[in-house]
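Biologist: Could you take a close look at one part of this model and walk me through how it is held against its surroundings?

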Amino acid sequence: MTLLMDTNVIASEPNAHGYAEFTLGEFHFRRDEYFVYVKWPTGSHVMSADAFLRAMQRDVAWNFFYGIVNFDGVVGTVNHYGTVDLFAGRYNDAYRKAEMDHVENFQSENIKATFERMLADWTNASFDPFASPEETGSAFGDKNGSNLAAVTRRRVASRRMVSCDDDEQLRTDATHPINRMFADVAQDSPLVEPEPGFESDVKAYNLFAYLSRSDVTWNPSVVSVCKDSLYCPTTEEYILPIIHGNDRVEWFVQLSDEIIWAVEDRDTGAARTRVVMKPGDVASMPANIRHQGYAPKRAMLLVWENADGALPELYATGKLPSHPVDF
Amino acid sequence: MTTYVTRFGSLNQYEKGGVEIIDDDPKRYTFSNIFDVAAHSRPYEKVAVGKNRQYVLEAIRAEGDSDWRRTAHDEFALVMDGEVEVVLHRLSPDEEPPEGTQGSIQLGHEPAGPRMGRVVARRGHMTLLPAHAAYRFRAEKPAVVLLQTIEGADTLYRWGEICQTH
């Protein structure tokens, strides 16, 4: 593996379609009107530009998230929390057997700088990678402006609970109109009656109304914090643009509507289960799987994470079982 | 043009999904349903539906008055169905949980500290149960609360009863 120690982004002049090409270690990235092409010393790969940008948007915005962000079955990243692996075919049994897989490790800030530049350069004015397909324009064509406001959205991360003092605040019509698929979600507020002097500790808000106003999809955002226990609800529509490979157990609580999860072996991609979640359903996702969700209608999903930084090592070394409970 | 209907569950109307096995054990997915658990619980039993190391999600059937409980760390109560009143008092120094206590424990009497206030929460409303406070739930009709907390002495584990096993 190569460890790049500088933060220089290696980008070309615009190609015939107006897009810069990028080199990161021995990886090369190029896009044209419809597709993104990735090359490495032992192979190459092609992805639809819209799917690539949706995946890269999550990887950048989540700072490489927990564990593995598979852009698809071939290309992706592994977060080591300080460094990041960029891989091709590493978690694909066929590529491994053919010895076409390739992994390079980078300082997080280096790979992030390149990804941010790529995302900014390759996202046209008409396209919002965080929006559902019905709520954004085309990702395709020659370079046509940019959408920096969309691709540099601030990640919502409450420190205690949404609506608390000096914390994330409620969403309003002025900034977050109710989504078309959640027009029927009640917008009432809880009755909150603090005694004088206790205004900072007597707090409540309407989480479902808050979620109904989310302008993005498949983007878990922290709304409440109990030490390392994080509630990260998100609104889901169409397909999760990444296949998330776990480095710890995570949990899903279906708050509304329905999501279907395709669950595969994290390391080989072999199919393991299909999990259908309806309102009130709770399921754990073991530490050695990867999953991709399908939401026919915009749905509210509570992703529950344990942010304890020691967990990846404990699971990777087998000191913890990959599933949360024995019974 | 499609008219969208957002589907939530309730004690009286819920439909469980499930784990369709291809090559795995369903018990690894700890699949349950909050409303199903609450429908089969006694009032204010704290039944774990999620566990991630020491952290738990507890499904609570709120019905009538709960005991007064006390906590040394923040907890969060999300009402999934019905209406729940939460009354809060600041703990007096001698009411603080013993050092190292996780989750909430019974107070055993009316709180001696000053009243902090109250919240009336309905479906979708999240209430902060602040550290160093005593709280009591009240629900005129059966309601369901999902509690974000840490496992404590009163957390109940019924995985074999509530989870899909085959």
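**Where the domains meet**

Modeller: Happily! Between domain 1 of chain A and domain 2 of chain A, 14 residue pairs are in polar contact, both at pLDDT 80 or more (N or O atoms within 3.5 Å; within protein, one must be able to donate a hydrogen and the other to accept it, and residues adjacent in sequence count only if both atoms are side-chain atoms). On the side of domain 1 of chain A that touches domain 2 of chain A, the elements giving two or more residues are α1 (49–61) and β6 (68–70) of chain A; helices (H or I, at least four residues) and strands (E, at least two) are DSSP runs, numbered from the N terminus. By class, that side of domain 1 of chain A has 12 nonpolar, 5 polar and 7 charged residues, with Ala, Val, Leu, Ile, Met, Phe, Trp, Tyr, Cys and Pro as nonpolar, Asp, Glu, Lys and Arg as charged, and the others, Gly among them, as polar.

Please keep in mind that this is a predicted model, where local features need pLDDT of at least 70, side-chain atom pairs count only at pLDDT 80 or more, and totals for chains, interfaces and linings use all residues. Side-chain values use heavy atoms, without hydrogens and water, residues are numbered from 1 along each chain as its sequence is written, and chains are lettered from A and ligands numbered from 1 in the order in which they are written.

Domain 1 of chain A covers 10–151 and domain 2 covers 180–215 + 217–316, with bounds from an automatic or database domain assignment. Taken over C-alpha atoms, their centres are 25 Å apart. Contact (heavy atoms within 4.5 Å) involves 24 residues of domain 1 of chain A and 24 residues of domain 2 of chain A. Together these domains bury about 2,100 Å², 53% of it on carbon and sulfur atoms; buried area is the accessible area (1.4 Å probe) lost when two parts are put together, summed over both. There are also 2 salt bridges between the two domains, each a side-chain nitrogen of Lys or Arg within 4 Å of a carboxyl oxygen of Asp or Glu. The side chains of A:Glu135 and A:Arg298 also form a salt bridge, at 3.4 Å, N to O.

Chain A also touches chain B, with 73 residues from chain A and 67 residues from chain B. About 6,100 Å² is buried between these chains, 57% of it on carbon and sulfur atoms. In chain B, B:Arg28, B:Tyr29 and B:Met126 lose the most area to chain A, together 12% of what that side buries.
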